[in-house]
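Me: Could you take a close look at the part of this complex where protein and DNA meet? I'd like the contacts spelled out, with the cut-offs behind each term.

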2 protein chains.
Amino acid sequence: MSTAEETDGENTPWSEVTPEAARRLLVAAVEAFAERGYHATTTRDIAGRAGMSPAALYIHYKTKEELLHRISRIGHDRALRLLETAADSGGTPSDRLADAVRSFVRWHAERHTTARVVQYELEALGDGHRAEIVALRRKSDAAVRRIISEGVRAGEFDVPDVPGTTLAVLSLCIDVARWFNAQGSRTPEEVGTLYADLVLRMVGAQK
Amino acid sequence: MSTAEETDGENTPWSEVTPEAARRLLVAAVEAFAERGYHATTTRDIAGRAGMSPAALYIHYKTKEELLHRISRIGHDRALRLLETAADSGGTPSDRLADAVRSFVRWHAERHTTARVVQYELEALGDGHRAEIVALRRKSDAAVRRIISEGVRAGEFDVPDVPGTTLAVLSLCIDVARWFNAQGSRTPEEVGTLYADLVLRMVGAQK
DNA sequence: GAGCGCTCTAAGCGCTTGCTCAGGTTCGGG
DNA sequence: CCCGAACCTGAGCAAGCGCTTAGAGCGCTC
């Protein structure tokens, strides 16, 4: 009897944000930042979307930048976990790479509103906050590189330039957040499958 | 005796922008928009970088948005021409696709400041201007799709989903503008070559 | 039922924004 | 030598910005 929105845990984003008013503000901020960008979004707009007065925002968050940081932090945690789960799972390097790409891409498509903020508003973060996020991003890179390296060592992949190919794979996936449109003809599932196939070709995986 | 900056024609960007003060303002705007984003850039900042007063900007441009539009228009024209030149050149589909990717990527790396504005500030354009730019982008998509389709028809490529793969190829190249760093270890040339190879693998090109 | 802590609002402060305008400087042509 | 056009500046306006403050309403404990 409960919708997907009501179940807790992994499938409900922002369930870790409490109290409820703070979560409403955060969800409103995600929408506004994704639509117009961080700098073009006003605190009045965020508060308005959450059905509150502008001052209410400052009870739950010290600054507008702190809101962005919380969004970015939670999003990066989630994305990193998707990649590390795939990297640590059993199976051949091909299986794990396909898994990583499929789930990473699906997240960027399904949650493209969030992903857009997470991937394209890094420069609006303050220096300390940005450094923290960049560290998470390096771990994402390491997870993918590990899969590709192991595929090469196992003779399963043919990759002349491992760091370069790792960068290209992540880049390809991240850019989904820019172009994906919920009204478009492709489902997140379909894009994930297509991309997993393309990436296996990029690394020269044996069939 | 003349540097690359002084030679005219293709290799000098913005040579079509006159008078010189208007060009200085536009170059300053490109730098500022790329660093901070359109909305976070002030007209005072642009004028200051060009060594002028804020009011001087409005002699050459009606609004700040018109500056963005001129940058976007010129950049899109240039990028589209790179792709169409490659698509129309002689040679096998593999040659033409590699050529398109190599030159498109090299432009995004060499001119990553410009490319960042061109690719990531579309939403800051006014409605009319955005529609004009979107039309140019569709032509870029068509040029790449044409090469891939012809490769498939010639039996040279193995591509189950032509529109999806076209989208992925362009997406991969465009994202270079986001991550490319002039201080990094790769030259634009190297990235172009790497990416051309990766894309040929994506389309299953025969060796 | 008085006191307290938490949440929220109305009002507004100090500042910056995109943009304007009156006036000054420069310079080629008559 | 003067004129008009082109270009640029200093000063500033109205609007909107992020954020603060004073105080109201609420539900809780004792």
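Reply: Here is a walk through the DNA contacts, one strand after the other, with a short look at the protein behind them.

First, the ground rules. This is a predicted model, where local features need pLDDT of at least 70 and side-chain atom pairs count only at pLDDT 80 or more, while totals for chains, interfaces and linings use all residues. Residues are numbered from 1 along each chain as its sequence is written, chains are lettered from A and ligands numbered from 1 in the order in which they are written, and side-chain values use heavy atoms, leaving out hydrogens and water.

Let's start with DNA strand C. There are 16 residues around it, and Ser53(A), Ile59(A), His60(A), Thr42(B) and Lys64(B) come nearest (near means that a heavy atom of the residue lies within 4 Å of the strand). Of the strand C atoms that come within 4 Å of the protein, 52% belong to sugar and phosphate. As for polar contacts (pairs of N or O atoms within 3.5 Å; within protein, one must be able to donate a hydrogen and the other to accept it, and residues adjacent in sequence count only if both atoms are side-chain atoms), Ser53(A) uses a backbone N or O atom, 2.7 Å from a phosphate oxygen of strand C. Lys64(B) puts a polar side-chain atom 2.8 Å from a phosphate oxygen of that strand. Arg44(B) goes for a base instead: an N or O atom of its side chain is 2.9 Å from a base nitrogen of strand C. The elements giving two or more residues to this surface are helix 3 (57-60) of chain A and helix 2 (43-49) of chain B (helices are DSSP runs of H or I with at least four residues, strands are E runs of at least two, and both are numbered from the N terminus). By class, the surface near strand C has 7 nonpolar, 6 polar and 3 charged residues (Ala, Val, Leu, Ile, Met, Phe, Trp, Tyr, Cys and Pro count as nonpolar, Asp, Glu, Lys and Arg as charged, and the others, Gly among them, as polar).

Now DNA strand D. It is surrounded by 16 residues, the closest being Thr42(A), Tyr58(A), Ser53(B), Ile59(B) and His60(B). Sugar and phosphate make up 50% of the strand D atoms within 4 Å of the protein. Phosphate oxygens of strand D lie 2.9 Å from a backbone N or O atom of Thr43(A), 2.7 Å from a polar side-chain atom of Tyr58(A) and 2.6 Å from a side-chain N or O atom of His60(B). Here helix 2 (43-49) of chain A and helix 3 (57-60) of chain B are the elements that give two or more residues. The class split near strand D is 7 nonpolar, 6 polar and 3 charged.

How does the record describe this part of chain A? An unreviewed UniProt entry lists residues 42-61 of chain A as "DNA-binding region" (positions follow the numbering used here, feature names are shortened, and annotations may be inferred rather than shown by experiment). That stretch is 55% helix and 0% strand, with its end C-alpha atoms 14 Å apart.

Finally, a look at Arg96(A), in helix 5 (residues 93-110) of chain A. Arg96(A) counts as buried because its relative accessible area is 10% (buried is under 20%, exposed over 50%, partly exposed in between, with a 1.4 Å probe and protein chains only). Its side chain makes a 2.8 Å polar contact with the side chain of Glu150(A), and a polar atom of that Arg96(A) side chain lies 3.4 Å from the backbone oxygen of Gly91(A).
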